[in-house]
Amino acid sequence: MSPSAVPTSTANGHFENDLNLSLVGLGVEYPPFLVGPEALETLANRFYPPSTALKKVLSINRFTGIETRAAIGDVDHPLVNHPNAPSIKELNDIFRQEGVRLSVNACKKAIKEWGGSVDDITHIVSTTCTNSANPGFDHFVVKQLGIRTSVEKILLHGIGCSGGMAAMRTAAHLALGSSYQGKPSRVLVLACEISSLLVRSELDSINQDQQTRVGVCLFSDCASAAVLSNGVGEDEGSKPVYELLGWKHQIIDDTEDDLGFDVDPLGWKVVLTPRVPTLASAAVSPCFQDLVKSIPEVHKDGQLPVAADFDWALHPGGSLIITGVEQAMDLTPEHLRASYEIYIKYGNSSSATIISVLNKLRESEGKERVIACAFGPGIALEMMVLRRRKEASSVVNSFEKSEANGNSDHDGSVAQNGAANANGVAQANGYGISTESASSQHEHLATDGAAIETALLSADGAAVNGTPAINELTIADGTNGSSASSLPVEDLD
């Protein structure tokens, strides 16, 4: 095949109209426990004395807008109930068990939807920011899936919450390289994070250094996977879930100290400053404009589309990230409905979240084209334009929705694991918000986090030792409508 015949991006930065790249299978695996905000308070009260910093963190924890977070264990998990926080060796050992198990299940779901054989997988691109052992966790996933050991593997590290999208972007380039050679490419994309067991390490820092660390209020566990195909050798009748139209990666200048995940003897520590939500939201519009300019297919009568012409799969890093992008891009909650739902039900699962949002988005009717967007350390911004199959809005795989498949994403799991549904939202579809419209979800976040967000937008506190300065305000505690809480004003990517 000659280079001129290969679908690819051109020298002037524009994407051809048909890259022939598509996501042909998605899989998401959450662990079996959903823990509510009270779990953090329980652990804090068990092991740490009262302090100003801890009081602030627990106040934030009640007003993140997250109802439950996915975790590999409940509040009585042995590893978070030792006298000391688990060591990095203990964290690695549990990741080798639970992280690999979640990853294998997510991959099996993606492969099942694709309908192909593991023998046809040509590449694997994986990512995590909560494990750094060698060989990487992907090595053990390959063994358990029965994929040949000669499969080409790439393990991405150091990219945090943007990892899922960076892995898809990397997979797309690998697939285009195979297209150049006229070879089929079926790339298995995998993201896995186990964040819940870092709770004691974060609480240690809060207690010892009197730092207000909000990551402990937001992060959760998940594995997600996708199969990306270049179409070579595919049956003509095969139908993709999403087609890739183009993508963009950029770094926001001079922000490497604003967002990170530092190595620590007890795991990893979240680093962020109060600038993160504003920086991230402000960067979306110029990136969006550059990206849609580079994709002629999305132009309408010579005019560039606007953000509201697309559905949005935004990585739900925090409530202010979602509402900030919504406001900056003149969107409605309906555009971001999948991001709201995943955030409220499961929290922020770092790199694994974006595929979960894309998976959720296809369950509902919506716009043909989708903008996927995520932020990570750097600060890095990843953005991609996808086109979903028209039938995809009504296609929900039975193995994704059935309790019998072993997935924890099922009705009643909140009650089973002792996680309170603070707003009494119906559990009819296993996502905990089936009876709420996107506008209601937005209202829910606004109700729980309005004071935080208002103060965040005006906060000018300087970071001290990597910890944002905290301003305080007093608001009514929405849990009982009468008591007041002293509420720190910050949010996390």
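These exercises look at ring pairs and one buried residue in a predicted model.

**Exercise 1.** Classify the aromatic pair of tyrosine 30 and tyrosine 346, and say which parts of the chain the pair links.

*Solution.* A pair of aromatic rings is described by the distance of the centres and the angle of the planes. By the pairing rule the count comes to 5 aromatic pairs. For tyrosine 30 and tyrosine 346, the centres are 3.7 Å apart and the planes differ by 5°. Planes under 30 degrees apart count as stacked, and this pair is stacked. Next, place the residues. Tyrosine 30 sits in the loop between β1 (22-29) and β2 (33-35). Tyrosine 346 belongs to helix α9 (residues 337-346). The two are 316 residues apart, so the pair links distant parts of the chain. Both tyrosine 30 and tyrosine 346 are buried.

**Exercise 2.** Classify the pair of phenylalanine 288 and tryptophan 312, then locate both residues.

*Solution.* The ring centres are 5.9 Å apart and the planes meet at 35°, so the pair is tilted. Phenylalanine 288 lies in helix α7 (residues 276-293). Tryptophan 312 lies in strand β11 (residues 311-314). The pair therefore ties together parts that are 24 residues apart in sequence. Both phenylalanine 288 and tryptophan 312 are buried. Finally, Phe288, Phe310 and Trp312 form one aromatic cluster.

**Exercise 3.** Is alanine 166 buried or exposed, and which residues does alanine 166 contact, leaving aside neighbours within four places in sequence?

*Solution.* Start with the location: alanine 166 is in helix α5 (residues 163-180). Its relative accessible area is 3%. Buried means under 20%, so alanine 166 is buried. Its contacts, with those neighbours left aside, are Leu156, Ile159 and Glu382. Alanine 166 and glutamate 382 are 216 residues apart in sequence, yet 6.8 Å apart in space, C-alpha to C-alpha.

Technical notes: Residues are numbered from 1 along each chain as its sequence is written. This is a predicted model: local features need pLDDT of at least 70, side-chain atom pairs count only at pLDDT 80 or more; totals for chains, interfaces and linings use all residues. Side-chain values use heavy atoms; hydrogens and water are left out. Rings of Phe, Tyr and Trp (its six-membered ring) pair if their centres lie within 6.5 Å; planes under 30 degrees apart count as stacked, over 60 as edge-to-face and the rest as tilted. Helices (H or I, at least four residues) and strands (E, at least two) are DSSP runs, numbered from the N terminus. Buried means under 20% relative accessible area, exposed over 50%, partly exposed in between (1.4 Å probe, protein chains only). Contact means heavy atoms within 4.5 Å.
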